[in-house]
Amino acid sequence: MSTSPTKMERYWKKNLQTLAILLSFWFLVSFGFGIIWVEELNTIRLGGFKLGFWFAQQGSIYTFVLLIFIYVYRMNALDREFKVNED
Amino acid sequence: MDLLTWTYLLVGVTFALYIGIAIWSRAGSTQEFYVAGGGVSPLANGLATAADWMSAASFMSMAGIISFSGYDGSVYLMGWTGGYVLLALLLAPYLRKFGKFTVPDFVGDRFYSNKARVVAVICALFISFTYVAGQMRGVGIVFSRYLELPIEWGVVIGMAIVFFYAVLGGMKGITYTQVAQYCVLIFAYLVPAIFISMQLTGNPIPQLGLGGEVADGVPLLDKLDGILADLGFEEYTAGKKSIPDLFMITLALMVGTAGLPHVIVRFFTVPKVRDARLSAGYALAFIAILYTAAPAVAAFGIYNTIQSTSEKSINDLPPWVTNWQQTNLIGIEDKNGDGKIQYLADPAANELRIDKDIMVLASPEIAALPNWVVGLVAAGAMAAALSTAAGLLLVISTSISRDLFKTFQPGISDKKELRIARIAAAGAVLLAGYFGINPPGFVAEVVAFAFGLAASSFFPVILLGIFSTRINKEGAIAGMIAGLVFTVSYISYFKFISPELNTAAHWWWGISPEGIGSLGMALNFVVCYGVSYLTPAPPKEVQQLIQEIRIPKGAGKAIDH
């Protein structure tokens, strides 16, 4: 016997998908570009910066800010779609 | 006007401002004392969170740490900002929907256990006390360096100010003072950074100046790599630490940041779940302004320092070097007797000792900026230290009045609870002041502790408490204790018991004590899961509570349920 997922279950699943996508970018720019692949990226230049170094000290931080604002926008839309918004 | 007058004037004006705000916004109820009545706008909360978060260490020491560690310093930049992504996406909105006042509140209710609540209170108190002692010390240091007062007097004045607005104003007073303090500190940080960036690279934006070119057309960072390599140091853009260690330290700092109670509690003060998400975004944007300028200040600072001292005659040094020699932040010893300074990686031949705080504190003088800028930096450092101290003191007083008194004496009136909260805040100020005047010898080490503990205790259980309906009280308590004991033992062993063994060769899997919180967190997750699945699922009401906090709809103001 199977039941179709409730509205709440679908909302929660979409929320988790959003988190997974945004957090993979969070991981990629800091742990990926800033630490694991820093030497490879340092062979590429961005103006006076080596790219890996730029990600470690500048780029990752800009990306973090952007990710939160994308999250805010995305979740507000999701809340409205499922009518769980506060007003 | 001379330097001392400017400093007294600017510090005095900002203090008067903070006290004025505290009187205007003092708290009248426990709700206002704990969460500012839950009516703070997301923008104001973002500003307050940024000031709350950026401590004396962020303002005075971080740039200097990066100056001397180059690429390795990136762990602090990424760690202390990346945590906000975790906080915004994984914790803040749900904790806001939960709608009470403290982190132990959530742990106690979600895990239906006063034992879990007490473990959480102990963690919160420990983390906050280690942190606040450092802030008080910071206030004392600024007073002694700029205002020529003894450190003790500086601490006492700092205590009096914090006492006034934290004890009277509670969260409401603190929030609006922190908004003002953010403005003071960011202005004070950026003015010298912009001037130095212009002088060195011709670009007024420090973040771009870092990638700019110095006078001879060579990019600053390449020039710095070359200079440091010639002196025997690591290249600036290369690091000494291993990749696993960098990875673990960054992770521990990120997760620790997301688990710090004085930061989390700020998100209880906004009216809606939507506001909690948005204000985390604002907070990180405001923090990022300083955190992306810091690596520029760091590179400019070390470049300028080497240029104006290395191979220069000892009798012909710029005035700022001799000024800061008097405060013992710069030390010169002509070991080979050639009358010149050699700055070298080899400690036996190196003749110049520079304290890391110089990079920010002396930056206006290095750039030959007017005296008012020096006074401004002093006021900014003070703002950074006071705002963080106030946020921490609030966590301490709330933990005592609410999580301990109220839990075990549920009948006490609002008025009495407020009085206990104020007495606790006053007691905490005195204790913090004592540690500021008589710092325990391990102040620097305890920072690793605070983040390690937040990472290994709070973060996993809060996260699982929201994202899993199966985690129960047995799992949470076992997980917190396992994470804590493991992390505390590892750090204590290498920092206090056998500091002589504190090298990569002896560390487990090459992970330094600074990064071990990551492993403690992993252990907490594993234990928490394992124990939960071996014991009964949480009761129905708790399952209901979890479903409720997952949707924004129906969030009232933070109230006493």
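**Exercise 1. How many residues does each chain bring to the contact between chain A and chain B, and which element of chain A gives the most?**

Step 1. Start with the totals: the contact takes 36 residues from chain A and 41 residues from chain B. Two residues are in contact if their C-beta atoms, placed from the backbone, lie within 7 Å.

Step 2. Now look at the elements on the side of chain A that touches chain B: helix 1 (7–36), strand 2 (49–50) and helix 3 (51–81) each give two or more residues. Helices (H or I, at least four residues) and strands (E, at least two) are DSSP runs, numbered from the N terminus.

Step 3. Helix 3 of chain A gives the most, with 16 residues.

Step 4. Sort that side of chain A by class: 23 residues are nonpolar, 10 polar and three charged. Here Ala, Val, Leu, Ile, Met, Phe, Trp, Tyr, Cys and Pro count as nonpolar, Asp, Glu, Lys and Arg as charged, and the others, Gly among them, as polar.

A note before going on: this is a predicted model, in which local features need pLDDT of at least 70 and side-chain atom pairs count only at pLDDT 80 or more, while totals for chains, interfaces and linings use all residues. Residues are numbered from 1 along each chain as its sequence is written, and chains are lettered from A and ligands numbered from 1 in the order in which they are written.

**Exercise 2. Find the residues that touch the most other members of the largest nonpolar core.**

Step 1. A nonpolar core is a set of buried Ala, Val, Leu, Ile, Met, Phe, Trp, Tyr and Cys residues joined through C-beta atoms within 7 Å. Buried residues have 20 or more other C-beta atoms within 10 Å of their own; exposed ones have 12 or fewer, and partly exposed ones lie in between.

Step 2. The largest core has 224 residues, and A:I68, B:L185, B:A299 and B:L393 touch the most other members. Helix 13 (residues 273–309) of chain B gives the most to this core, with 22 residues.

Step 3. Follow A:I68 across to chain B: among the residues that A:I68 touches are B:Y84, B:V85, B:A88 and B:L284.

**Exercise 3. Is B:A188 buried or exposed?**

Step 1. Locate B:A188 in helix 8 (residues 151–201) of chain B.

Step 2. B:A188 is buried, because 26 other C-beta atoms lie within 10 Å.

Step 3. Leaving aside neighbours within four places in sequence, B:A188 is in contact with B:L376, B:V377, B:A379 and B:G380.

Step 4. For the wider setting, 60% of the 561 residues of chain B count as buried.
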